[in-house]
Amino acid sequence: MTNITTNSARPVLAPASAAGRGFINFVRSFVAASAPIMVILIGWELLAHFGDMPASLFPPLEAIFRALMRMVADGNLLADVSGTFRRLFESVFIGAAAGTIFGTMMGYFRWCERAFIVPMNFLLAIPGTALFPLSMIWFGLTEMAIVSILIYEVALTVTVTTWTGVKTIDVALIRAAHIFGADGFSIVWRVLIPGALPSIITGYRIAFSRAWRILIVAEMLVSVTSGLGYRLYYAREFFQYDLVYAGLFIVGLSGLLIERVIIRPLELITVNRWGTVRELK
Amino acid sequence: MTGELRIDHLSKVYQSDKGPLASHNVFDDVTFGVKAGEFVSVIGPSGCGKSTLLNIIAGLDRASQGAVFIDERAVSGPGMDRSMVFQEFALFPWLNVRDNIIFGLKSLGLSAAERGARAAKYIKLVGLDRFSDYYPNRLSGGMRQRVGIARALAVEPAVLLMDEPFGSLDALTRRSMQAALSDIYLRTRKTVLFITHDIDEAIYLSDRVLLLSGEPSRLSLELRIDLPRPRDHRSGAFQGHVETLQQAIIQSRSASSINTEANL
């Protein structure tokens with residue numbers, strides 16, 4: 001609203017010059033952000049060409065880029081990225097749904113909390129990755145061996161945050177809900193879930209990044225036929241070191257994409273209404 | 001729905017796990033009525049059980065003995081014939097002002113249009129027309145409690161219960177909220193049961209003031225306030241009532257301290 005008033009108060013020419021300043025600011029921040037990256041890339045390139053390092057360990061950028069192009073050309077890149085993302089989203093979706101339901105139950109029903117608090121703490125002490133031998137025994141070297149671990153890890157993470165979120169809802173809100181006609185299941189739906197939403201969403205964020213880390217490792221252990229982790233491992237097996245670097249680049253880029261496209265917006269949802277999340281800019 | 005409240009020989013004992021000696025008798029044999037359209041305050045020192053009393057009437061807590069009747073129907077749990085304004089506001093932070101008020105309307109079986117109109121009416125009544133779309137975290141304490149009052153009135157209950165609604169506001173806001181509530185009361189003529197520990201506030205707002213004190217607490221004084229509204233804090237009659245209540249509180253305190261000494 002303040003923007004509208006200041007703009008309308010300015011002379012006619014002002015918007016154009018404001019836009020010009022906006023562009024200059026954009027260029028300035030772009031340079032500021034990309035300068036360190038450029039320095040690193042140039043350093044890398046100098047090291048690769050003149051550093052007397054084995055080319056296999058320090059492939060020059062153009063080799064890495066060629067490997068990347070190879071991946072694009074033979075369709076592996078698309079298959080790998082889509083395979084990895086499919087596994088990630090499938091398991092985060094299922095795991096988050098299960099964790100939200102279970103965590104809400106633990107927060108709401110005293111008996112549920114009492115029954116599961118010890119087993120939960122025990123399971124929390126086991127890193128998800130430690131269960132891979134077990135999942136491979138159960139499911140063999142299949143998709144299911146990977147996805148089951150991811151679902152487990154996501155569900156556990158989301159259960160804990162949801163549970164804490166529901167437990168820490170102001171008692172006054174629950175009393176108000178009773179007074180204003182909410183009971184039984186509608187308390188869950190109308191008060192517990194929205195009241196715990198900031199914690200639940202924090203849980204989704206943590207779960208996403210944990211799942212991402214585990215997934216890349218899982219794809220190396222369980223040889224499925226596509227996936228970014230699988231590609232990295234495969235490249236090493238076949239001494240394609242440029243491909244290892246290209247693969248890492250894609251992993252980093254994908255992680256960044258998930259952060260920007262999914263996790264940030266999730267965070268932003270809660271800012272407006274709950275005023276709990278800070279440091280977003 | 002006329003809105004008559006009757007409290008019949010109500011007692012509350014908090015049972016302790018550590019045996020009968022550790023259990024604590026909060027209040028004992030409390031009996032009073034609030035006529036339809038009457039504004040009654042219950043005052044008393046902290047710990048006298050006045051909030052517990054209100055929670056039992058609201059159906060959020062259970063009495064050990066006795067019963068609560070609204071228009072001669074016994075209360076057995078929360079119901080839409082009673083609504084409540086909380087000291088800590090208890091607004092839903094994920095809902096804006098309008099939706100906070102609509103929350104209570106959803107169990108009344110109104111259409112969406114009726115709910116919207118009803119919410120708008122009560123938002124206007126408490127003077128928050130311009131803030132319908134605001135979330136509670138952007139409102140000041142006084143404004144939040146206006147939302148709390150609008151939410152409670154919007155379900156059009158037989159009896160409005162108010163649990164120290166201005167207890168967490170600063171002194172200036174408190175004064176202006178008292179004036180606003182007095183004005184709202186004159187316009188709606190709801191049956192109100194108001195809990196406070198502020199003598200001045202009780203006299204400013206109420207038709208009758210009840211003093212709950214002792215150990216266990218009992219009703220130790222009933223004071224009728226027959227001053228025309230809006231009332232003037234500085235008038236002689238007003239100050240006279242203040243004096244009466246202060247004396248009664250001092251007396252009840254010394255009585256209970258003598259009791260404690262006798263027990264020792």
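A residue is called buried if 20 or more other C-beta atoms lie within 10 Å of its own, exposed if 12 or fewer do, and partly exposed in between, with C-beta atoms placed from the backbone. The views below come from a predicted model, in which local features need pLDDT of at least 70 and side-chain atom pairs count only at pLDDT 80 or more, while totals for chains, interfaces and linings use all residues. Residues are numbered from 1 along each chain as its sequence is written, and chains are lettered from A and ligands numbered from 1 in the order in which they are written.

**View 1. The surroundings of A:Leu232 in helix H10 of chain A.** Helix H10 covers residues 228-237 of chain A; helices (H or I, at least four residues) and strands (E, at least two) are DSSP runs, numbered from the N terminus. A:Leu232 has 23 other C-beta atoms within 10 Å and is therefore buried. Apart from neighbours within four places in sequence, A:Leu232 is in contact with A:Met220, A:Val244, A:Gly247 and A:Leu248, where contact means that the C-beta atoms of two residues, placed from the backbone, lie within 7 Å. A:Ala246 is 14 residues away from A:Leu232 along the chain, and 8.7 Å separate their C-alpha atoms.

**View 2. The surroundings of A:Val147 in helix H7 of chain A.** Helix H7 spans residues 143-167. Because 21 other C-beta atoms lie within 10 Å, A:Val147 is buried. Its contacts, leaving aside neighbours within four places in sequence, are A:Arg87, A:Glu90 and A:Ser91. The C-alpha atoms of A:Val147 and A:Ile94 are 9.9 Å apart, although 53 residues separate the two along the chain.

**View 3. Chain A as a whole and its two assigned domains.** Chain A holds 11 helices and 0 strands. Of its 281 residues, 31% are buried. Among the contacts in chain A with a separation of 6 or more, 70% join residues 24 or more positions apart. Domain 1 comprises residues 2-50 and domain 2 residues 61-274; such bounds come from an automatic or database domain assignment. The centres of these two domains of chain A, taken over C-alpha atoms, are separated by 35 Å.

**View 4. The contact between chain A and chain B.** Chain A contributes 14 residues and chain B 19 residues. On the side of chain A that touches chain B, helix H8 (171-179), helix H9 (185-221) and helix H11 (241-274) of chain A each give two or more residues. H8(A) gives the most, with 6 residues. This side of chain A has 8 nonpolar, 4 polar and 2 charged residues, where Ala, Val, Leu, Ile, Met, Phe, Trp, Tyr, Cys and Pro count as nonpolar, Asp, Glu, Lys and Arg as charged, and the others, Gly among them, as polar.

**View 5. The two assigned domains of chain B.** Domain 1 of chain B is made of residues 1-81 and 161-245, and domain 2 of residues 94-156. Their C-alpha centres lie 24 Å apart. Domain 1 gives 12 residues to the contact and domain 2 gives 11. The side of domain 1 that touches domain 2 has 7 nonpolar, 4 polar and 1 charged residues.

**View 6. The open sheet S2-S1-S4-S5 of chain B.** The 4 strands of this sheet pair in an antiparallel manner; two strands pair if DSSP finds at least two bridges between them. Strand S2 (24-34) and strand S5 (73-74) each have a single partner strand, so one side of each is left without a neighbour in the sheet. Strand S4 (residues 65-70) is joined to S5(B) by 2 bridges, and B:Ile70 has B:Arg73 as its bridge partner in S5(B).

**View 7. Strand S8 of chain B and its parallel partners.** In strand S8 (residues 191-196), 6 of 6 residues are buried. B:Thr191, B:Leu193 and B:Ile195 point one way, and B:Val192, B:Phe194 and B:Thr196 point the other way. Strand S3 (residues 39-43) runs parallel to S8(B) and is joined to it by 5 bridges, with B:Ser41 opposite B:Phe194. Strand S7 (residues 159-163) is likewise parallel to S8(B), through 5 bridges, and B:Val159 stands opposite B:Thr191.
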